[in-house]
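Q: I have just opened this entry and would like a guided tour. Could we go through it together, starting with the overall layout?

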Amino acid sequence: MELQAGNGLQEEQSIFPVANRKYKDTIFRMLFSDKKNLLSLYNALNGKNYSDCDKLEIVTLENAIYMSMKNDLAFILDLDLFLWEHQSTYNPNIPLRDLMYIAKEYEKYIKEKGISLYSSRQQKIPAPQFIVFYNGNRKIGECMEHRLSDAYETVRGEPALELKVLIININEGHNQKLKESCQILKEYAQYVSKVRTYKKTLSLNEAVEKAVEECIREGILREFLLANKAEVVAMSIFEYDREWEEEILRKEEFEAGRELGEQLGKELGEKLGRELGKEEEQKNTEKERRRADSEKMRADNTERELLILKEKLALMQDK
């Protein structure tokens, strides 16, 4: 819908709020909390063709943030437990976060299924799989993997505890085959790309508004955006405002680290300079001492030779 002048413009603008810090959801989570969309992405990733959404059991821990670690989507299908998360900022600590989260998931699962951990019979649990859908600005390849063992201070042989997280790049131009197999993921990536493109020349609010309106006109996430426009805009503004702040924070941390490095380097250089100066001074002092000792030794030898010569002259006179 085009923005209209006069009262229509004011009425239309009222649905575009400024960044709201209370929003904790994301567009990705909102889209794929829909079982139909979630199943479509699962099929695309695993080469499956499931159509019965009831076979998919969503087990995301709602309103339970453990150690500030909240996962976007958790579900069980094919006897596997999937933990999916969307990230717009690079974070190599996700395996440790997922370890904390999966422990809570298993605790919930065991309680709901009435599983006894003290049974003499081996108890079965769904096998976990961890995936992050990444669309941040940091350049990475099509896919990469983070491991829990990467965080270990020391690694001796095979890690006793390992957790692998697959990072899938869903930025425009990456993993096109996957996105062609899941239309909703493709359109989500297109929406994100539009917001980022417009954010280069417009304010964040304007960039989001323009991206939403353009996507509706072009049929990108059209039904979703029409049904949830106000909420989508508010969440987008919050999400990308936070992303921008994190970028600024990283730059500030880098600058602070560089300044600290320069200061430490200067102090270390001065300390080394003083130590080298002291060492050189000690060397010069030792050199002077040895030279003085040598001069004294020569003087003593000369004096002894003179005494011997005097004694010889005295003997010759006596004769």
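Q: How many strands form the sheet, and in what order?
A: This is a predicted model. In it, six strands form an open sheet, in the order E1-E2-E3-E4-E6-E5, and the pairing is mixed.

Q: Which strands stand at the edges?
A: Strand E1 (57-58) and strand E5 (143-147) do. Each has a single partner strand, so one side of each lacks a neighbour in the sheet.

Q: And which strands does H4 touch where it packs on the sheet?
A: Helix H4 touches E2, E3, E4, E5 and E6. The direction of H4 makes about 140 degrees with that of E3.

Q: Let us look at E3, then. Is it buried or exposed?
A: Strand E3 covers residues 80-87, and eight of its eight residues are buried, so the strand is largely enclosed by the rest of the structure.

Q: Which residues are on each side of it?
A: Asp80, Phe82, Trp84 and His86 are on one side, with Leu81, Leu83, Glu85 and Gln87 on the other. All of these are buried, and both faces of E3 are thus covered.

Q: How does E2 run relative to E3, parallel or antiparallel?
A: Strand E2 (residues 73-77) and E3 run antiparallel and are joined by five bridges. Within this pair, Ile76 stands opposite Leu81, and the bridge partner of Leu77 is Asp80.

Q: What about the turn between them: how many residues lie between the strands of that hairpin?
A: There are two residues between the strands, and Asp78 takes a positive phi near 55 degrees there. Asp78 is not a glycine, despite that positive phi.

Q: Is Asp78 buried, or partly exposed?
A: Asp78 is partly exposed, because its relative accessibility is 34% and the buried class lies under 20%.

Q: Now E4. In which sense does it pair with E3, parallel or antiparallel?
A: Strand E4 (residues 127-134) pairs with E3 in the parallel sense, over eight bridges. Asp80 stands opposite Ala127 of E4.

Q: Through which helix does the chain cross from E3 to E4?
A: The chain passes through helix H4 (residues 94-113), and this β-α-β crossover is right-handed.

Q: Changing topic: which residues touch the most other members of the largest nonpolar core?
A: Phe32, Leu41, Trp84 and Tyr191 do, in a core of 44 residues. Among the elements that give two or more residues to this core are helix H2 (27-32), helix H3 (35-46), E2, E3, E4 and helix H8 (222-318).

Q: Trp84 came up before as part of E3. What does it touch?
A: Leaving out residues up to four places away in sequence, Trp84 touches Leu38, Leu41, Tyr42, Leu45, Asn71, Asp72, Leu73, Phe75, Ile131 and Phe133.

Q: How many residues does the second core have?
A: The second core is separate and has 21 residues, including Val59, Ala74, Tyr134 and Ile140.

Q: Next, the loop between E6 and H5. Where does Asn171 lie, and what does it touch?
A: Asn171 lies in that loop, between strand E6 (164-169) and helix H5 (176-181). Residues up to four places away in sequence aside, Asn171 touches Tyr134, Asn135, Gly136, Lys179 and Arg196. Its C-alpha is 8.7 Å from that of Asn137, although the two residues are 34 apart in sequence. Asn171 counts as buried, at 16% relative accessibility.

Q: Asn175 is in that loop too. What is its phi?
A: Phi of Asn175 is near 45 degrees, a positive value in a residue other than glycine. Asn175 is buried, with a relative accessible area of 14%. Setting aside neighbours within four places in sequence, Asn175 is in contact with Glu142, Cys143, Ile168 and Asn169.

Q: Since a cysteine has appeared, how many disulfides does the structure hold?
A: The structure holds zero disulfides. Cys143 is partly exposed, at 42% relative accessibility, and Cys53 is also partly exposed, with a relative accessible area of 23%.

Key:
Residues are numbered from 1 along each chain as its sequence is written. This is a predicted model: local features need pLDDT of at least 70, side-chain atom pairs count only at pLDDT 80 or more; totals for chains, interfaces and linings use all residues. Side-chain values use heavy atoms; hydrogens and water are left out. Helices (H or I, at least four residues) and strands (E, at least two) are DSSP runs, numbered from the N terminus. Buried means under 20% relative accessible area, exposed over 50%, partly exposed in between (1.4 Å probe, protein chains only). Contact means heavy atoms within 4.5 Å. Two strands pair if DSSP finds at least two bridges between them. A crossover is right-handed if, with the strands pointing away from the viewer, the path from the first strand over the helix to the second runs clockwise. A disulfide is a pair of cysteine sulfur atoms within 2.5 Å. A nonpolar core is a set of buried Ala, Val, Leu, Ile, Met, Phe, Trp, Tyr and Cys residues joined through side-chain atoms within 4.5 Å. Axes are lines fitted to C-alpha atoms, for helices over the stretch in contact, and angles run from 0 to 180 degrees between N-to-C directions.
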